[in-house]
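I set out to record the side-chain contacts of one loop residue, then the aromatic and charged pairs. The entries follow in the order in which I looked them up.

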Amino acid sequence: MSINRVVISGNLTRDPELRTTASGMPIMSMGVAVNDRRKNNQTGEWEDYANFIDCTMFGTRAQNIQRFLSKGVKVTIEGKLRWSQWERDGQKRSKIEVIVDDIDFGGNRNGGNNGGDASLGNDISAYSAPATSTMPAIDTTASVYDEDIPF
């Protein structure tokens, strides 16, 4: 059995591009920058490196949410990887992209919040309030030692 699932979270690198096939199928293309941290062996400092990932979404959902997305907006994308290959000017080219199944978005680099969950397909204005956490409070005064764990 194979599993082809990916979840990425980052900022859009450009405004999404919406086009339509000859048969009328909407296709939205966008780029997402996802940071990775690595330690520089020469300086000993941690440095951020951006990974640029092409993402594609199909159908009317892509057409409906495209107007809410713009360069810099923070997105979380769930989907699957697809590898494609073609030839241009006599050279073989290939790429791996994420085919988007679900997308959540909100906020931009400057801290603004567009709010919302695009996977619901509803109007984004219904989700403009900041999210509240439902996580229970953690008691930081308690201490746990190995002998307290029953296994």
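**Entry 1: Asn40**

I located Asn40 in the loop between strand 3 (26–39) and strand 4 (46–58); helices (H or I, at least four residues) and strands (E, at least two) are DSSP runs, numbered from the N terminus. The model is predicted: local features need pLDDT of at least 70, side-chain atom pairs count only at pLDDT 80 or more, and totals for chains, interfaces and linings use all residues. Residues are numbered from 1 along each chain as its sequence is written, and side-chain values use heavy atoms, with hydrogens and water left out.

I asked whether Asn40 is buried or exposed. Asn40 is buried, because its relative accessible area is 17% (buried is under 20%, exposed over 50%, partly exposed in between, with a 1.4 Å probe and protein chains only).

I then noted a polar contact between the side chains of Asn40 and Glu47 at 2.9 Å. The term denotes a pair of N or O atoms within 3.5 Å; within protein, one must be able to donate a hydrogen and the other to accept it, and residues adjacent in sequence count only if both atoms are side-chain atoms. The Asn40 side chain also reaches the backbone nitrogen of Gln42 at 2.8 Å.

**Entry 2: Aromatic pair**

I found 1 aromatic pair (ring centres within 6.5 Å, using the six-membered ring of Trp among Phe, Tyr and Trp; planes under 30 degrees apart are stacked, over 60 edge-to-face, the rest tilted). The rings of Phe68 and Phe105 have centres 6.4 Å apart and planes at 20°, so I entered the pair as stacked. Phe68 lies in the loop between helix 1 (60–65) and strand 5, and Phe105 in strand 6 (residues 91–108), so the pair ties together parts 37 residues apart in sequence. Both Phe68 and Phe105 are buried.

**Entry 3: Salt bridges**

I searched the whole structure and obtained 7 salt bridges, each a side-chain nitrogen of Lys or Arg within 4 Å of a carboxyl oxygen of Asp or Glu. One of them joins Arg37 and Asp48 at 3.6 Å, N to O. This pair links Arg37 in strand 3 with Asp48 in strand 4, 11 residues apart. Arg37 is exposed, at 51% relative accessible area.

Asp102 pairs with Arg61, also with the closest N and O atoms 3.6 Å apart. Asp102 is in strand 6 and Arg61 in helix 1, so parts 41 residues apart in sequence are tied together.

Lastly, I recorded Arg5, Glu78, Lys80 and Asp101 as linked in a network of salt bridges; within it, the side chains of Asp101 and Lys80 meet at 3.7 Å, N to O.
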